Amino acid sequence: MIRSIHFWLLPMLIVFLAVYGTIGWNFIISLTDFQGITLPAYEVSNFDLEMYTQLIEDSTFWRALRNTVILMVLFPLACLSVGIFLAIIVDQKIRFENTFRIIYLLPFSLSFVVTAKFWLWMYNPEIGVINSILGYFGLDFLALNWLAPEYRLWAVMIALVWQFSGYAMIIYLAGLRRIPTTQYEAAKSDGANSLTVYLRIIIPQLRASTVSAAIVLIVFTLKAFDFLYAMFRSFPGPTADILATMMYREAFESANWAYGATIAMVLFLLALVIVVPYLYTEYRRGAL
Amino acid sequence: MSPEADTRHVLERFQEWRQRIDKRRAGLYIGLAVLAFVYLLPFEAGIMTALKSQSGYLTSSPLAPPLDSFTLGPWTEAWSALSGSFMNSLGFAVPAAILSAVLGSIAAHGLTNIDWKYQNLLFLLFVAGIFLPYQSVLVPLTRFWNAVDLHAILANLGPINVWTLPYMRDHYATILELIFTHTAYGIPIATLLFRSFYQELSTEMVEAARIDGATPTSVYTNIILPLSKPIFIVVFIYQFTSIWNGLLISLIVAGVGPAAPITVEVNKLAIAGEIPTYNTMMAGAFITAIPTLLIYIFFGDRFAQGVRGYG
């Protein structure tokens, strides 16, 4: 007899219906032709992969997929690099360590929406913060139109690194503090300089921190819709369009429900490809 | 002390001090300070701009304090545009955070002390829900709340129509939908945070109680729950912050109508490509951020604890 069933049964039912049941439902919708204001017809005889073939032929989809993948790869990399750098300099037994840590993590407490508003003001080409500062130092030639189509994806990435690098720092700091200090000292007494100590001894031991932070950051990228919507509404233009914004447009602005559900399946599969191997190894390792 | 000895003393102290802060140390602190400046820059520019009149921010540097153009006008303007949605957001974020924490706690307890072969696997399926891209449930979610008319259900539930009662507004039905939706999608992360806390609790007490014949329920109410206060705070803070900050689900469930959350309404103040009034927009951004900033300032450690538990 399972003695704890009355504890997990209700939460389990909710989670299974809200997550797995709903994804299944979404998949079924993606097999229909559901659009407009008519109710979807769930007739098995009418199920087909028409929406998927339509998707493969849609150049908007491929552009959005490309931008999504760029963001998924480069944003976590940038965030982790900045985060590990912050963690290392904060971990030097400095004074006011708490203050610095609080400052670097501060943006992470903000909403994507608020970050977008801040950076709209940072990036404003005429009177915005960045270009004013550049002008002050006589560096006007660097003052670009940051939100112009050709820089847009990079501008988005910089703002997101500002917001999330503090998170990576916190994860790395926890990892650094787990490494016994005798290791630093042993390495230093061997005459290794601190850069070598970090590259050869410390950073390889942060693998677990890196993996878990990377997974979370990649998943955040899949949710970056909030940020793009708050900056550009649902159409950030072809150079910064991602699957999340495309899905919203198709389903909720054009009422192409089945097509939107199909894009959503691609997003779901992307998440699956990343998360399943991670969770599987964690599970096998007994870490869950 | 002779003046000579005095000078020597000061010089010695100075030498000591110089040795203590060598050049690398100084470089480190300069680096830390420059980075702190960069991280605070958007906040600083935002506050300064929100305190300036329109002509003020158009003509002065974004970092300069408001001197002759000081005004609180942007704040009152932004507040009058956002106050309703601010209350809406509070109205669903607080109950949903509490509910998902409670459900997460009981689920975590049920899944911590293993008495069944597949319990770990079940927990794995809970955790996988954390990583769900919301897009993949949005269309069915809309269908669901279309089919389940909460407003009508509540109207016919009791002997009297609840919507005719004083102080009841029709859009509270949508707020309820938001509460249910956010609770459901908050359970996985809440369960994860509670479970890692419960695993670290001393198992001795729990084992002893079990040997004495205590049921899981009495273990929970007598031992686990009284020890759970700190983790409840962590989870509540985490959930409240992410529900308050979230846009997508709230946008889909509530839309731009009377139940719209603040993260939706604040977008009406400006987006790229339109000509915004930056002072009002920045004031609106701060108003949107106030609850989470306050939590961060007063409960920073707990916030960081929740963040670490996520990874």
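Colleague: What makes A:V69, A:V73, A:L74, A:L77 and A:W154 a nonpolar surface patch?

Modeller: In this predicted model, those five residues together make a nonpolar patch of about 430 Å² on the surface. Residues of a patch need over 30% relative accessible area, and A:V69, with a relative accessible area of 37%, is therefore on the accepted side of that cut-off.

Colleague: Which helix gives the largest share of the nonpolar patch?

Modeller: That share, four residues, comes from helix α3 of chain A, which covers residues 59-90, and A:V69 is found in that helix.

Colleague: Why is A:V69 called partly exposed?

Modeller: Partly exposed lies between the limits of 20% and 50% relative accessible area, and A:V69 has 37%, so the term applies.

Colleague: How do you know that A:F96 is exposed?

Modeller: The relative accessible area of A:F96 is 57%, and exposed means over 50%, so A:F96 meets the condition. A:F96 is placed in the loop between α3 and α4 (97-105) of chain A.

Colleague: What makes the phi of A:F96 worth a remark?

Modeller: Phi of A:F96 is positive, about 55°, although A:F96 is not a glycine. Most residues other than glycine have a negative phi. A:A255 also has a positive phi, near 55°, and is likewise a residue other than glycine; A:A255 lies in the loop between α12 (243-253) and α13 (257-284) of chain A.

Colleague: Why is B:P188 called buried?

Modeller: Buried means under 20% relative accessible area, and B:P188 has 1%, so B:P188 is buried by that rule. B:P188 has its place in helix α8 of chain B, and its C-alpha atom is separated by 5.8 Å from that of B:G129, although the two residues are 59 apart along the chain.

Colleague: Why is A:Y280 called partly exposed?

Modeller: A:Y280 has a relative accessible area of 47%, which is between 20% and 50%, so A:Y280 counts as partly exposed. A:Y280 is found in helix α13 of chain A, and its C-alpha atom is separated by 35 Å from that of A:A230, which is 50 residues away along the chain.

Colleague: How many cavities of 30 Å³ or more does the structure hold, and what makes a space a cavity?

Modeller: The structure holds two of them. A cavity is a space where a 1.4 Å probe fits but cannot get out. About 710 Å³ of space lies in the largest cavity, which is lined by 33 residues, and those closest to its centre are A:F220, A:K223, B:Y134, B:S242 and B:I243.

Colleague: Which helix gives the most to the lining of the largest cavity?

Modeller: Helix α11 of chain B does, with six residues. Among the helices that each supply at least two residues of this lining are α7 (152-178) of chain A and α8 (172-200) of chain B. By class, the lining has 18 nonpolar, 13 polar and two charged residues.

Colleague: What lines the second largest cavity?

Modeller: The second largest cavity, with about 90 Å³ of space, is lined by 12 residues, of which A:S4, B:H109, B:N113, B:R210 and B:P216 lie nearest its centre. Helices α4 (73-112), α9 (203-211) and α10 (216-227) of chain B each supply at least two residues of this lining, whose residues divide into four nonpolar, five polar and three charged.

Terms used. Residues are numbered from 1 along each chain as its sequence is written. Chains are lettered from A and ligands numbered from 1 in the order in which they are written. This is a predicted model: local features need pLDDT of at least 70, side-chain atom pairs count only at pLDDT 80 or more; totals for chains, interfaces and linings use all residues. Side-chain values use heavy atoms; hydrogens and water are left out. Patches are made of residues with over 30% relative accessible area and no salt bridge: like charges are joined within 9 Å, nonpolar side chains (Val, Leu, Ile, Met, Phe, Trp, Tyr) within 5 Å. Accessible areas come from the Shrake-Rupley method with a 1.4 Å probe; for residues, only the protein chains shown count as cover. A salt bridge is a side-chain nitrogen of Lys or Arg within 4 Å of a carboxyl oxygen of Asp or Glu. Buried means under 20% relative accessible area, exposed over 50%, partly exposed in between (1.4 Å probe, protein chains only). On a 1 Å grid over the protein atoms alone, a cavity is a set of points where a 1.4 Å probe fits but cannot get out, and a pocket is an open set with protein on both sides within 12 Å along at least five of seven lines; lining residues have an atom within 4 Å of a point. Grid points are joined across faces, edges and corners, and a volume is the space filled by probe spheres set on the points. Ala, Val, Leu, Ile, Met, Phe, Trp, Tyr, Cys and Pro count as nonpolar, Asp, Glu, Lys and Arg as charged, and the others, Gly among them, as polar.
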